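Student: Hey, got a minute? I'd like to go through this one with you.
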Amino acid sequence: MIPIAKPQLDEAEIEAVTNVLRSGIIAEGPRVAEFEQEFADYTGTEYAVAVNSGTAALHAALFAHGIGKGDEIITSSFSFIATANSILFTGARPVFADIKSDTFNLDPQLIEEKITPATKAIMPVHLYGHPADMGLMNDIAEDHDLILIEDACQAHGAIYNGKKVGSFGTGAFSFYPTKNMTTSEGGIITTDNKEVADRARMIRAHGSKQRYLHEMLGYNLRMTDISAAIGMVQLKRLPYYIETRKRNAKMLTDKLQGIEGIECPMVRKDCEHVFHQYTIRTKNRDHLADYLKEKDIGSGIYYPIPIHRQPYYKELGYNDNLLVTEKASREVLSLPVHPAVTENDINTISNAIKQWSDAQC
Ligand SMILES: Cc1ncc(COP(=O)(O)O)c(C=O)c1O
């Protein structure tokens, strides 16, 4: 079986975790602080605040910016549910704009028409590891005095115009095991804004700076030193992971390009795509996924139902027509490009797709 995802863990992670266990400090401790500094340096931000999931990072980032009841946040419906749920959990309302069909990211041209007096922030998602259009997004945020919160959960190390994602506004990353780097469960907020960082630190610890003195509403969102120790090993390897994913993506594109009915992912010239997912489009997507499964090739559909079409969101009254989003959700299929995928695997995957395509004609 060629799996769609495979975390890369070896003796280095085992030793790092063992050292934490031996130290006796197994909840949040000095390794979390060290990991935060290293991640901030890597992303190019002043501050990083580690938490226990990407969802927690998004939620705490919004809350740290003071977003709450009555506010509207413009975001993408073509994402994991956490993007919008984190907004709902603050009491604010996600407002969905459609995406661009080439990058699957929020279309900046469609944002301004969604702005109302209640709009407080734009939350682009760097989907699949391809940066959203941060140039235009930044301009719109500045013109309308809006906060920029980046859902960078899939895009560690991705670059837009020479600058890493998560450093344009306030960033939120996930370290879930399928991501380009992991801490087991985990997440982190990145920002240059000291006040936002300080508030995020308080939010993750029940609103306190000082033990048992609670100055604001918060929750327990702490990362453990066990997770941070894994994260530090993984962060050192992240450039290698990204290079391997890019190499595998290029090999796949070289082989799939020109196959009837298959559209390969694009990379904008001003962007570095870190290929958290390598996502093709095809009309008969479910049939291809079944065919690959029969051949022991894993694939993934991210995401088969856009957020605004989810039952809970329908209950809330969402009934948008987001044609590009809806078409994408019918056509996308992600193929394995993680660092354990070999050249041999790439040949197996591309040969199977060619055979499938030939049989369709
Ligand atoms: C785009 C996006 N946002 C948010 C999240 C939430 O991250 P986590 O699963 O770590 O809570 C994920 C993770 O799957 C994601 O892919």
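Student: How many residue pairs are in polar contact across the interface of domain 1 and domain 2?
Tutor: The rule finds 21 such pairs, both residues at pLDDT 80 or more. A polar contact is a pair of N or O atoms within 3.5 Å; within protein, one must be able to donate a hydrogen and the other to accept it, and residues adjacent in sequence count only if both atoms are side-chain atoms. This is a predicted model, where local features need pLDDT of at least 70, side-chain atom pairs count only at pLDDT 80 or more, and totals for chains, interfaces and linings use all residues. Residues are numbered from 1 along each chain as its sequence is written, and side-chain values use heavy atoms, with hydrogens and water left out.
Student: Which elements supply at least two residues each on the domain 1 side?
Tutor: Those are α4 (82-90), β3 (93-97) and β6 (159-160), with helices (H or I, at least four residues) and strands (E, at least two) taken as DSSP runs numbered from the N terminus. β3 gives the most, four residues.
Student: OK, new topic. Where do the domains run?
Tutor: Domain 1 covers 11-233 and domain 2 covers 238-360, with bounds from an automatic or database domain assignment. Their contact (heavy atoms within 4.5 Å) takes 41 residues from domain 1 and 35 from domain 2.
Student: And how many salt bridges between domain 1 and domain 2?
Tutor: One, counting a side-chain nitrogen of Lys or Arg within 4 Å of a carboxyl oxygen of Asp or Glu.
Student: Which residue does R268 form a salt bridge with?
Tutor: D133, with the closest N and O atoms 3.1 Å apart.
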